[in-house]
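Below is a short set of notes for a colleague who is new to this structure. The points are numbered and can be read in order.

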Amino acid sequence: MQSWLIDYQRGLRWLRRHRPLRALAYLERALLAVPTDRLRSPGSGSRRADIARLFYYLGLGFRKAGMRNRAIGSWVESARLEKRGTVRRKLFRVTNRYGMARQESREIDDQQAFYGIQLSRYIRSKQSHRLGTRAEIDMIAELIDEYWARLRASADLSQLTCGQKLELFRSIVIVFPFLTVPEDLKTEDVAVDFSHGRRVGDEDRCVCGSGLPYRLCHGRIPGADEALIGKF
Ligand SMILES: [Zn+2]
């Protein structure tokens, strides 16, 4: 049997035994070893389905391990490979309007979106694209929390649509201390649908052709569990 399949099945076994971290180690190794050549050629459907399933179970592992946004990241990959099916439905069920893991209340949804936007901006502005020490993580988190508290005190978010809130969150530029080179603060990535010559809205289909809404695909806001490992 191919080595990736052995790891894949080991991963599934550990998932069933509720040992998600162990399962993740095997599933990630399987993903690295799975042959991805000729994925786009005709007759590669079953290979695509294999990899889509692998991403699906990887997502389950992340979810069980409490990394809910990394789970969504994996399910998005799965949904890009398989244009229809249960993964897509699951994706819509577990995400909020920001394309992030749904939280217990709308207020926490908002706070997580703000946090994700600001944290990924900070990480992108760093040369290494990673957060370093625990102290740095704590300091940045505290700073973002302060801005969040100030924003909550000055604006009534309940009156705004999701799109308006996103615009507001993105417009707030946090002055991060010394560690950063704030040059990219001005260049927020904007996806443009060239066939129509306009900016892509969060509910529009993504420009990559996945068939997913932009907010769930290339416009996704990373959660802290993703941003911290530099996946964005
Ligand atoms: Zn996309």
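1. At 3% relative accessibility, Glu226 counts as buried, since the cut-off for that label is under 20% relative accessible area. Glu226 is part of helix α9, which covers residues 224-227. The model is a predicted one, and every value in these notes is computed from it.

2. Glu226 has a charged partner. Its side chain and that of Arg220 meet in a salt bridge, with 2.8 Å from N to O. Both residues of this pair, Glu226 and Arg220, are buried. Glu226 can also be placed relative to a distant part of the chain: Met67 is 159 residues away in sequence, yet the two C-alpha atoms are 8.1 Å apart in space.

3. On the overall make-up, the protein has nine helices and two strands. Read from the N terminus, the order of elements is α-α-α-α-α-α-α-α-β-β-α. The protein has 232 residues, and 45% of them count as buried.

4. How many salt bridges does a search of the whole structure find? The search finds eight. The pair of Glu226 and Arg220 is one example of a salt bridge, and points 5 and 6 take up others.

5. Asp7 and Arg10 form a salt bridge in which the closest N and O atoms are 3.6 Å apart. Both residues lie in helix α1, three residues apart, or about one turn of the helix. Are the two partners buried or exposed, or in between? Asp7 is buried, with a relative accessible area of 5%, whereas Arg10 is partly exposed, at 32%. The pair does not stand alone: Asp7, Arg10 and Arg29 are linked in a network of salt bridges.

6. Arg70 forms a salt bridge with Glu28, and here the closest N and O atoms are 3.7 Å apart. Arg70 lies in helix α4 (residues 68-81) and Glu28 in helix α2, so this pair ties together parts that are 42 residues apart in sequence. Arg70 is buried, with a relative accessible area of 13%. Glu28, at 32% relative accessibility, counts as partly exposed.

7. The surface has a patch of positive charge, where Arg13, Arg16, Arg17, Arg19 and Arg22 gather. One of these residues, Arg19, is found in the loop between α1 (3-16) and α2 (20-33). Why does Arg19 count as partly exposed? Its relative accessibility is 40%, and the label applies to values between the buried limit of 20% and the exposed limit of 50%.

8. The loop between α1 and α2 also holds His18. What is unusual to check in the backbone of His18 is its phi angle: it is positive, at about 60°, although the residue is not a glycine. His18 is exposed, with a relative accessible area of 58%.

9. Helix α6 spans residues 106-125 and has 20 residues. From its first C-alpha to its last, helix α6 reaches 29 Å, close to the 28 Å expected at 1.5 Å a residue. Of those 20 residues, 15 are buried, so α6 is largely enclosed by the rest of the structure.

10. Arg102 lies in the loop between α5 (86-94) and α6. With a relative accessible area of 38%, Arg102 is partly exposed. Arg102 and Gln112 are 10 residues apart in sequence, and their C-alpha atoms are 9.6 Å apart in space.

11. Leu54 is found in helix α3, which covers residues 45-64. Is Leu54 buried or exposed? Leu54 is buried, with a relative accessible area of 0%. The C-alpha atoms of Leu54 and Val34 are separated by 9.6 Å, and these two residues are 20 residues apart along the chain.

Notes
Residues numbered from 1 in each chain as written. Predicted model: local features only at pLDDT ≥ 70, side-chain atom pairs only at ≥ 80, totals over all residues. Heavy atoms only, no water. Patch = residues over 30% accessible without salt bridge, like charges linked within 9 Å, V, L, I, M, F, W, Y side chains within 5 Å. Areas by Shrake-Rupley, 256 points an atom, 1.4 Å probe, with all protein chains shown as cover. Salt bridge = Lys/Arg side-chain N within 4 Å of Asp/Glu carboxyl O. Lys, Arg positive; Asp, Glu negative; His and termini not counted. Charge placed at Lys NZ, Arg CZ, Asp CG, Glu CD. Helix = DSSP H or I, 4+ residues; strand = E, 2+ residues; numbered from the N terminus. Buried < 20%, exposed > 50% of the residue type's maximum accessible area, 1.4 Å probe, protein only. Expected span 1.5 Å × (residues − 1).
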